[in-house]
Amino acid sequence: VAYWEAMETIPIGFLAAKDGSAEQWQSTLHQMKSKGVVDNEVVTRIVSELKRVLHLLEPDRWELEETDAAASNDDNENDDQKPRQKMPTDEQMQDVIEYIFLH
């Protein structure tokens, strides 16, 4: 239960409203929950920033582009690094985001 209540505190960082106000974010979050529909613009922004943050946290773990996959595989033939993982698709991330915001 505490986890779901913690979702109410999201007005930080890149999840804040366009104008940066916590009140605007709380209003947007309330509207999404009451309507049962997630704002596509919000989801797109979150997916984009989430990918950026994941790559910043673990740059050697994630492939960013198709060309990155080939370069990663070539590099791994010569050293002991693990192959890079494909980033979850936008659709997969959207499904998770919608679930978190609507449940």
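## Exercises on helix α5 and the core

The buried residues of α5 are Met93, Ile97 and Phe101; buried means under 20% relative accessible area, exposed over 50% (1.4 Å probe, protein chains only). Helices (H or I, at least four residues) and strands (E, at least two) are DSSP runs, numbered from the N terminus. This is a predicted model: local features need pLDDT of at least 70, side-chain atom pairs count only at pLDDT 80 or more, and totals for chains, interfaces and linings use all residues. Residues are numbered from 1 along each chain as its sequence is written, and side-chain values use heavy atoms, without hydrogens and water.

**Exercise 1.** Work out why the buried residues of α5 line one face of the helix.

*Solution.*
- Look down the axis of α5. Its buried residues fall within an arc of 60°, so they line one face. The arc is taken from the directions from the helix axis to the C-beta atoms.
- Turn to the other side of α5. Glu91 and Asp95 are exposed there.

**Exercise 2.** Find the members of the largest nonpolar core that touch the most other members, and the helix that gives the most to this core.

*Solution.*
- Define the set. A nonpolar core joins buried Ala, Val, Leu, Ile, Met, Phe, Trp, Tyr and Cys residues through side-chain atoms within 4.5 Å.
- Pick the members. Of the 13 residues in the largest core, Trp25, Met32, Ile46, Ile97 and Phe101 touch the most others.
- Assign helices. α2 (22-35), α3 (40-57) and α5 each supply at least two residues. α3 gives the most, with four.

**Exercise 3.** State the order of elements in the protein chain.

*Solution.*
- Count them: five helices and two strands.
- Read from the N terminus: α-α-α-β-α-β-α.
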